[in-house]
Amino acid sequence: MEDLTWTGSLGTFLDPLLFVLVPLFALAVVARILLSFFEPDTGTQANPDGTLVATGGIWSLSARIMTWLGAALVVLVLLYVVLGVVMGTGAGILGGISQRLTPVWIALIVTFWVSIHFKRRLGLYGKLFDSTIGMIGFGLVMFWVFVAVFTGLFDWIATHDALSQVSGMKNKGPGIPLRGAEQGEYPYYLLGGDNLARDVFSRVIKGSTIVIAIAPLATLFAFMVGITLGLPAGYYGGKLDTLLSFLANLILAFPVILLFYLLVTPEIVLTGLPQYMGVVLFAFPLIFFGVLIQSRFRTQPEKNSLWLAIVLIPLFLAYMSLINEDGSKISFWPLDFFDINAGILVVFVSVVFVNSPTVFRIVRGLAMDIKTRDYVAAAQTRGERPWYIMLWEILPNARGPLIVDFCLRIGYTTILLGTLGFFGLGLPPESPDWGSTINEGRKLLSIYLHPALPPAIALLSLVLGLNLLADGLREESLRD
Amino acid sequence: MGMFILRRVGVMLLTALCLTFLVFYLTNLYPNLEKLAKTQGNFRMSDEAVASWLEKGGYLQPTPVKYAEWLGVVPSYRFEAEDGTVTGRCILPGMEASEAPRYCGILQGYWGWSTVFRDPVSEIISTRLALTGKLMLWVMLLMVPGALIIGVLAGMREGSPLDRSLSTFSITTTATPEYVSGVLFIAVFASSAVGLKWFKGTATSAMENATFENFFLPVLTIALYGMGYIARMTRASMAEVMTAQYIRTARLKGVSFPNIVLKHALRNALIAPFTVIMLQFPWLLNGVVIVETLFNYKGFGWTLVQAAGNNDIELLLGVSVVSVIVVLVTQLISDIGYVYLNPRISVT
């Protein structure tokens, strides 16, 4: 079999178009920026009768050129994707990748179609689809979420096993056919092989499951911890606030990498310290939900115990199975449903530990601000308990900034996970997560680019997507 | 103001004490000590041999005692072997036991002995810190003006194409951690695969002789990650100032737009970024560790990785003391500077 080129047979007519369009578009953008120094920034003019007229001149011309060139570029990229799905490896490496990603494309189209169709009924989420930036960010994030879900649950997208090595594929470039491929085996290494002759494409795809599984969950736990401690600190103030803020600043003053090096080593795992930290940190969701329900239904005992039972019993079982592990320091609970790999647990715990002080500070600041509002005073006059005011009056009104920060923080957690992988901490050495893959790939970077670049670009695009999503959400939540 | 600074310094000392104790505790957990003994002795040591090695080094005392010794408030441990030779923390190689001082800790100016580099910790830290200082200086020189210019240009006309493209740029840089941008830069500018080869992929030679060719990539990699964040803060602050009443007044008076930006808006818009820049130091420290590892520049961050990887307790403590002090001092400066720059805020 022949080696694949990047665009295959599509290249003959689409590539020249791309090479013409990209410089033209870049030129148009630069021209528009330069023009914006001289021309007033108005593209439309309102007439007294209520109609709008586009103002002419070189300004609106440049704007129009840019829009059209941008649209042409988008259409071109879509052509690559769609024709790739149809033609597969006939359209080169990109075609092959595009075809492997078919379920993701379908899921993305369905998500966007449904969301845009019902956007007026979906609250803040629906408003996201009014902002281009937010939509791009959401698209990038959902792309990786779908990739992770389809790979993790159905094992669809990856072409090979992330760990299996194929002889003769060591450091081979992108699009090299597999030597001695058997029937039913994917005949190419789409993005080449790494220095242990593993498929780079499959490793990047499999790596996404690790990030998508850990990062949002760890951020959620950090938020539980931060909210449960930050609300009373901001609401009560005084000694409690001083103590908690001191502790938070203590952790924040630590260089993150030093903390990781101290916490995430096999020696520390042996002492059981991460497990003890887990016992404390993972208890916060229980406390949070317990107090949340208790403060709401305090006066209705029947409803109260029902809700408490529904929420707390599963949470408690999950908590107990989470912290218990056979053969480690903590194993007293007979109903141990699942075991978490000690390496993953320590990574998870330390990421939560690093993130929660920042969340604490944000929540504390918001609580201090909101507690001076009139509706809080009204609730106090009504005789509501402090925890009711904190969780049912202050927290819902702080949700805007918290949601935005949640998105940003998932991105930051992704970066932290990558850092851990980059230094070879915590995760098993052959793990396909992006940080570890970048670390392995960088050693031969001056000769072979293909093992290090795909995970780097993957991580970049996911974090960029989260940041853009946060930006879009911020813009839209400020608008009301 | 005096009281404020005094109180902050007190909290700072307390924080530093707590943090160093934490590092001390974590590095002195038994599995870590065992690893230390095995790397220093040999890897096939029996458990008894490990215990006696640790006993000889005084590692088996209770942690608070060891910590007090390290601080220099308790006379340090001495071990007398059966043949009468005395060894101890204070007795440096080639020194008689009778000449050595009884107390040797941070308070006496003795930072300890690095087991990895086999040098006094203070010496290692000062040379490494100087190298990182050079790196940081260039990072600051590139990052701060760059970020401020981008932020001011983007914020002076909110929503303009210039603003949008610069904002996209700054979001992209904040979303690119150092290990990603570093890898991308090396791939594009330094590898033989692309063939540009404008810069060098390692900065080892920059330790003695920093040139544009071998030093620019590491500097750019650290600077870019911080730049986006500062630029966004500057943009927000600038955009807010540009909507203020006095700017409108100046405009109605007929002041030209460049004059408004430079003479009226800029001064007020730069207060908020100042704090942000100072608070960037802890993040820069992270960036330094990654970039020094990536570009093999043997500075402070590289030392941290070496010390932590080999459980070199005293070096690690020295490194954490220095980094914690850097973080806390910059926080203090940012607080004082904020009060000084913004007369509306008072500390009392």
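**Exercise 1. Which residues of chain A does B:Asn286 touch, leaving aside residues up to four places away in sequence?**

*Solution.* Start from B:Asn286 in this predicted model and look for its neighbours. The residues touched by B:Asn286 are A:Pro255, A:Val256 and A:Ile257. Next, place B:Asn286 in its own chain: this residue lies in helix α12 of chain B, which covers residues 281-294. Finally, check its accessibility. B:Asn286 counts as buried because its relative accessibility is 11%, and the cut-off for buried is under 20%.

**Exercise 2. Describe the interface between chain A and chain B by contacts, area and salt bridges.**

*Solution.* Begin with the contacts: 46 residues of chain A meet 55 residues of chain B. Then turn to area. The size of an interface is often expressed as the accessible area lost when the parts come together. Between chain A and chain B, about 4500 Å² is buried, and carbon and sulfur atoms give 78% of that area. Last come the charged pairs: there are two salt bridges between chain A and chain B. One salt bridge joins B:Arg232 to A:Asp471, with 3.2 Å between the closest N and O atoms.

**Exercise 3. Follow A:Asp471 into its own chain: with which residue of helix α19 does its side chain meet in a salt bridge?**

*Solution.* The partner is A:Arg474, at an N to O distance of 3.2 Å. Now consider the spacing. A:Asp471 and A:Arg474 are three residues apart in helix α19 (residues 453-479) of chain A, so about one helical turn separates them. Then compare the burial of each. A:Asp471 has a relative accessible area of 17% and is therefore buried. A:Arg474, with 30%, is partly exposed.

**Exercise 4. Are A:Asp405 and A:Arg409 buried or exposed, and how are their side chains linked?**

*Solution.* Take the link to begin with: the two side chains form a salt bridge with an N to O distance of 3.1 Å. Both residues belong to helix α17 (residues 399-422) of chain A, where they sit four residues apart, about one turn of the helix. As for accessibility, A:Asp405 and A:Arg409 are both buried.

**Exercise 5. Which helices of chain B are linked by the pair B:Asp163 and B:Arg235?**

*Solution.* Find the bridge: the side chains of B:Asp163 and B:Arg235 meet in a salt bridge at 2.7 Å, N to O. This pair links distant parts of the chain, with B:Asp163 in helix α6 (residues 161-174) and B:Arg235 in helix α8 (residues 212-242), 72 residues apart. Now look at accessibility. B:Asp163 is buried because its relative accessible area is 3%, whereas B:Arg235 is partly exposed at 22%. In chain A, salt bridges with shared partners connect A:Asp194, A:Arg198, A:Arg203 and A:Glu440 into one network. Over all chains, the structure has 18 salt bridges.

**Exercise 6. Which helix gives the most residues to the nonpolar surface patch of chain A?**

*Solution.* List the members: A:Ile106, A:Val110, A:Trp113, A:Val114, A:Phe118, A:Leu122 and A:Tyr125 make up the patch, together offering about 640 Å² of accessible area. Now sort them by helix. Helix α4 (residues 102-117) of chain A gives the most, with four residues. A:Trp113 is found in helix α4. With 56% relative accessibility, A:Trp113 counts as exposed, since the cut-off for exposed is over 50%.

Note on methods:
Residues numbered from 1 in each chain as written. Chains lettered and ligands numbered in written order. Predicted model: local features only at pLDDT ≥ 70, side-chain atom pairs only at ≥ 80, totals over all residues. Heavy atoms only, no water. Helix = DSSP H or I, 4+ residues; strand = E, 2+ residues; numbered from the N terminus. Buried < 20%, exposed > 50% of the residue type's maximum accessible area, 1.4 Å probe, protein only. Contact = heavy atoms within 4.5 Å. Buried area = accessible area lost by both parts, 1.4 Å probe. Salt bridge = Lys/Arg side-chain N within 4 Å of Asp/Glu carboxyl O.
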